[in-house]
Amino acid sequence: MSYDPPHPSYSSPPPRPPQPPYPSSPTYPWQPAVPPEPVRPARPPEREPLGHHSDLRVLRSAYRWQRRTATLTALGYFTLFLVLSAYAPGVMTRTVADGIPAGLLLALVQLPVTWLAIALYEHTARRYVDPLAERIRRHAELDARRGAAR
């Protein structure tokens with residue numbers, strides 16, 4: 001018994017007719033297909049987009065400097081107080097004025113040092129960080145208006 005392959009017309013589906021370059025309307029196939037919208041040439045932006053702008057890097061570094069200044073002011077003094085308490089108890093127990101030990105005086109000075117750190121933080125924010133953030137905010141609004149106009 002020999003094996004005869006099936007007839008080609010039964011083994012594969014008939015070839016499909018060529019498709020138009022754009023889809024026709026599935027609801028009304030007798031209507032002509034609607035051509036796609038023409039592609040507008042993109043205008044080059046006047047400046048680079050906000051996400052790739054160097055101002056963001058400058059803002060991050062200014063904010064980093066602001067945090068470090070305030071943090072090192074407060075934590076630096078507190079660390080100095082702890083180190084003196086642990087390794088120099090003679091300095092901390094020495095009386096400074098009217099029987100007040102130096103350790104108590106240094107502990108009471110910690111509150112004004114914390115206020116100083118807060119004041120430094122606010123000063124650097126007003127002087128360096130806020131103007132950069134405001135400039136980036138204005139650029140972002142301008143980019144959003146340009147994007148909405150297109």
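1. In this predicted model, helix H4 covers residues 102-149 and contains 48 residues. From its first C-alpha to its last, H4 reaches 67 Å, close to the 70 Å expected at 1.5 Å a residue. The helix is nevertheless bent: at Ala-125 it turns by about 45°.

2. Which residues of H4 are buried? They are Ala-102, Gly-103, Gln-110, Val-113, Ala-117, Thr-124, Ala-125, Val-129, Leu-132, Ala-133 and Ile-136. Ala-125, the site of the bend, is thus also listed among the buried residues.

3. The partners of these buried residues should be noted. They pack against helix H2 (54-87) and helix H3 (89-93), and also against two strands, E1 (95-97) and E2 (100-101).

4. The loop between E1 and E2 holds Asp-98. This residue has a positive phi of about 55°, although it is not a glycine. Most residues other than glycine have a negative phi. Is Asp-98 buried or exposed? Its relative accessible area is 83%, and because a value over 50% counts as exposed, Asp-98 is exposed.

5. A nonpolar patch of about 490 Å² is found on the surface, made by Val-96, Ile-100, Leu-104, Leu-105, Leu-108 and Val-109. Helix H4 supplies the largest share of this patch, with 4 residues.

6. Val-109, a member of the patch, lies in helix H4. Its relative accessible area is 32%. Residues under 20% are buried and those over 50% are exposed, so a value in between is described as partly exposed; Val-109 is therefore partly exposed.

Note on methods. Residues numbered from 1 in each chain as written. Predicted model: local features only at pLDDT ≥ 70, side-chain atom pairs only at ≥ 80, totals over all residues. Heavy atoms only, no water. Expected span 1.5 Å × (residues − 1). Bend = angle between axes of the 7 residues up to and from the residue. Buried < 20%, exposed > 50% of the residue type's maximum accessible area, 1.4 Å probe, protein only. Contact = heavy atoms within 4.5 Å. Patch = residues over 30% accessible without salt bridge, like charges linked within 9 Å, V, L, I, M, F, W, Y side chains within 5 Å. Areas by Shrake-Rupley, 256 points an atom, 1.4 Å probe, with all protein chains shown as cover. Salt bridge = Lys/Arg side-chain N within 4 Å of Asp/Glu carboxyl O.
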